[in-house]
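Got the viewer open? Let's walk through this one stop at a time, picking a selection at each step and looking at what turns up.

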Amino acid sequence: MPNNIITRSDLSGLIPENVTREIIQGVAAESAVLRMGRRLPNMTSRTQAMNVLDMLPMAYWVDGDTGFKRTSKQAWDKKKIYAEELAVIIPIPEAVLDDADYDIWAEIKPRIVEAFGQKIDSAVLFGHNKPASWRESIVDTATAAGAVVTATDDTFTDIMGEGGVISKVEESGFMPTGAIGAVKMRAKLRGIHDTLGNPVFKTDMQGNTQYALDGAPMYFPVNGAFDTEKALMIMGDFNQLVYAIRQDVTYKILDQATIVDPETKEVVYSLAQQDMVALRAVMRLGWEIPNPINSLQPDESLRTPFAVYAPAAE
């Protein structure tokens with residue numbers, strides 16, 4: 001039997017540690033959120049509290065040589081990160097494994113990476129199927145703070161001008177560090193021309209286009225998570241998107257389990273009876289937006305590190 005076939009004895013234990021590390025790295029590269037956000041130390045419990053600056057000290061002029069000096073204070077608030085579980089089960093007939101003459105892991109790993117990255121981005125950026133304990137999504141948070149610019153025919157002004165997407169972030173007291181855009185934004189940016197008709201984002205047709213806005217790099221995820229009905233681009237200070245991992249990706253091979261449909265509760269597979277095994281992959285993580293108070297925007301309801309470039313109404 002060739003060495004690259006997974007035998008029954010190979011399936012009796014956990015997946016090798018190096019495979020686990022590779023999946024973690026892959027998810028971080030696949031997910032726009034994990035790639036651009038700031039990772040905190042791993043969580044030691046399901047919840048983790050962060051101290052966030054909530055009140056700034058104030059200074060006062062002293063009235064005359066013998067005037068009384070006033071006191072002030074600085075205060076912090078606590079925000080919590082809640083770790084939630086992300087998982088997938090991949091059933092595989094044992095006959096397929098026994099007959100395989102190619103690397104099964106090479107086929108499975110990219111799909112796990114893609115599935116985990118898509119779910120993380122979709123929940124954090126747009127709130128799709130997010131766990132109940134998680135905060136509102138980045139798009140919903142920016143919308144509530146009024147940091148939304150609707151697309152017009154003047155893309156350059158929409159993004160770079162007064163009242164544009166970048167200025168919405170700056171008005172909240174944050175400096176943009178990057179942008180996440182839908183793939184269709186690439187065409188909109190390539191279509192921007194200066195007053196002489198020269199393209200702003202492409203001057204050499206033979207070289208790679210370096211997409212950046214006012215020095216902030218752009219990233220265009222292709223994992224299917226970006227909801228173009230809600231946003232064309234999200235601009236912001238991604239140091240304010242923090243996440244922490246409670247449990248790295250772990251694996252378990254199931255060979256006696258019964259797998260049921262989560263909605264109907266009907267049996268989908270009976271692994272022992274159908275001579276199947278299933279790979280279960282699980283990770284747990286949480287995220288938060290610290291959004292500390294600053295001198296430019298002390299009102300938290302109007303302060304947001306992110307702004308949304310929304311599609312034009314049809």
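Start by selecting Gly-181 and Met-233: Met-233, in β9, is the bridge partner of Gly-181. Now widen the selection to residues 178–181, strand β6, and residues 233–236, strand β9; four bridges join this antiparallel pair. Keep in mind as you go that you are looking at a predicted model.

Next, bring in the rest of the sheet around that pair. Which strands belong to it, and in what order? Reading across, you get β5-β14-β9-β6-β8-β7, an open sheet of six strands with mixed pairing. Then color β5 (148–150) and β7 (212–213): these two stand at the edges, and each has a single partner strand, so one side of each is left without a neighbour in the sheet. As background, strands of a sheet pair through backbone hydrogen bonds, either parallel or antiparallel.

While you're here, click on β14, residues 306–310. Among the protein's elements, β14 has the highest mean pLDDT, at 98.

Now jump to strand β13, residues 276–288. Is β13 mostly covered or mostly open? Mostly covered: eleven of its 13 residues are buried. Show its partners too. Strand β10 (residues 242–254) pairs with β13 in the antiparallel sense over ten bridges, and you can pick out Thr-250 with its bridge partner Val-282 in β13. β4 also pairs with β13, again antiparallel and over ten bridges; here, select Ile-90 and find its bridge partner Leu-279 in β13.

Stay with β4 for the next stop, the largest pocket. β4 (84–93), β11 (258–260) and β12 (267–270) are the elements that give two or more residues to its lining. Select Ile-89, Pro-91, Ile-259, Val-260, Asp-261, Pro-262, Val-268 and Tyr-269 to see that lining. How many of the lining residues are charged? There is one, alongside seven nonpolar and no polar residues. Turn on a surface if you like: the space in the largest pocket comes to about 190 Å³.

Last stop: color everything by pLDDT. The mean for the protein is 83, and 84% of the residues reach 70 or more. At the other end from β14, helix α1 (residues 17–30) has the lowest mean pLDDT of the elements, 62. Then select residues 1–15, where the pLDDT is below 50; this stretch has 25 contacts in the model beyond near neighbours in sequence. Don't zoom in too eagerly there: where pLDDT is low, the predicted coordinates should not be read in detail.

Note on methods:
Residues are numbered from 1 along each chain as its sequence is written. This is a predicted model: local features need pLDDT of at least 70, side-chain atom pairs count only at pLDDT 80 or more; totals for chains, interfaces and linings use all residues. Side-chain values use heavy atoms; hydrogens and water are left out. pLDDT is the predictor's confidence in each residue, from 0 to 100. Contact means heavy atoms within 4.5 Å. Two strands pair if DSSP finds at least two bridges between them. On a 1 Å grid over the protein atoms alone, a cavity is a set of points where a 1.4 Å probe fits but cannot get out, and a pocket is an open set with protein on both sides within 12 Å along at least five of seven lines; lining residues have an atom within 4 Å of a point. Grid points are joined across faces, edges and corners, and a volume is the space filled by probe spheres set on the points. Ala, Val, Leu, Ile, Met, Phe, Trp, Tyr, Cys and Pro count as nonpolar, Asp, Glu, Lys and Arg as charged, and the others, Gly among them, as polar. Buried means under 20% relative accessible area, exposed over 50%, partly exposed in between (1.4 Å probe, protein chains only).
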